[in-house]
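Visitor: I am new to protein structures and would love a short tour. Could you show me the model and walk me through it?

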Amino acid sequence: MEITIDRYSGFCWGVVRTVVIAEESLDQFEQVYVLGHIIHNPKEIQRLEDKGLQTITVHDFPRIAEEAKQLGKQPKVLIRAHGEPPETYRKALELGIEIIDATCPVVTKLQERVRKFYDQGYQIVIFGKKDHAEVLGVRGVCNDKCIVVMTVEEALEHVNLDTKTVLFSQTTMDRPTFVLIKEALQSRIKDLIIDSMEGIATEFHAKDTICGQVSGREDMLKKYASDHDCILFVAGKASSNGKVLYDVCREVNPRTYFIEDISEIQEEWFSNAQSIGITGATSTPQWYMNHVKEHLSKFASQISTN
Ligand code: SF4
């Protein structure tokens, strides 16, 4: 049985950057907090928590500020790759908390673009998950004056077709659905709605803000999944791009199995398989995929000796 790890899998550069900033901060300061889980992967969270990183929420700000004050110190809070709404920075400033900003530059750029269109009076539509951390940050930059949709049906139900509109995407969503939403809105807003005062079609812009680190992986992943008898997709269950990339694999190879932990592996998945491919999300650490490979190699050698 041949077992390989997809060489294009592992952390995206945005996650690498966040983890490096976290590790450097942990080397430099006695105590570092992070707002929310640093990435959607429990293995990597545990590794960094073992080094002293403490996960908190904004509700913990007054407590950590008070504790640090008692010790004559300033609390350090890391903002993860998903980013945060402006309100978080305001609260930190008020309480004397130092922010270590590890927001992914791709997310920062998305926030800046949303702010620009919001300031110009556009209706903002976001293709994404309403309560995903990245979307909460984006909602914050436009004072929550936006419509977050997951499907064409939701878009058509909630979007006002009679006003200038811009459509963005959460960075980790799938492009085919984005295109469907864009086409549904574009045809209705541009072709059907005529501004009664100006006599011109209402403006519609679609900004494809899906991250290339997610969408760029899809074609390579399809090839990798179809080249193996069986695929083990390793990711945290809360990972958005994990779900998107898992679906990509499963579409071309029905023998694709999603695991977060080695204990979920079932031997019967591999019956008659000659090749097993191990891959994962942009938040799956390489060291854990190596661990899965070692585990499968032991299992494969047991089968060959039986
Ligand atoms: S997937 Fe893209 S947007 Fe998200 S952290 Fe990675 S590089 Fe940044």
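Guide: Happy to! Helices (H or I, at least four residues) and strands (E, at least two) are DSSP runs, numbered from the N terminus. Keep in mind that this model is predicted.

Visitor: In which loop does asparagine 272 lie?
Guide: Look for two strands, with asparagine 272 in the loop that joins them. One strand covers 256-259 and the other 275-280. The loop is the one between β11 and β12.

Visitor: Is asparagine 272 buried or exposed?
Guide: A residue counts as exposed if 12 or fewer other C-beta atoms lie within 10 Å of its own. Asparagine 272 has 6 such atoms, so it is exposed.

Visitor: What is phi of asparagine 143 near?
Guide: Most residues other than glycine have a negative phi. Asparagine 143, in the loop between α6 and β7, has a positive value instead. Its phi is near 50 degrees.

Visitor: Which helix gives the largest share of the shell around the ligand?
Guide: The ligand is surrounded by 15 residues. Helices α1, α5 and α9 each supply at least two of the shell residues. With three residues, the largest share comes from α1.

Visitor: How many charged residues does the shell around the ligand have?
Guide: Sort the shell by class, and nine residues are nonpolar. Another six are polar. The number of charged residues is none.

Visitor: How many residues are in the largest nonpolar core?
Guide: Cysteine 249 is among the members that touch the most others there. Its contacts include Leu221, Ile231 and Phe233. The number of residues in this core is 73.

Terms used: Residues numbered from 1 in each chain as written. Predicted model: local features only at pLDDT ≥ 70, side-chain atom pairs only at ≥ 80, totals over all residues. Near = placed C-beta within 6 Å. Nonpolar A, V, L, I, M, F, W, Y, C, P; charged D, E, K, R; others polar. Core = buried A, V, L, I, M, F, W, Y, C linked by C-beta atoms within 7 Å. Buried ≥ 20, exposed ≤ 12 C-beta atoms within 10 Å, placed from the backbone. Contact = placed C-beta atoms within 7 Å. Lists of a residue's contacts leave out its neighbours within four places in sequence.
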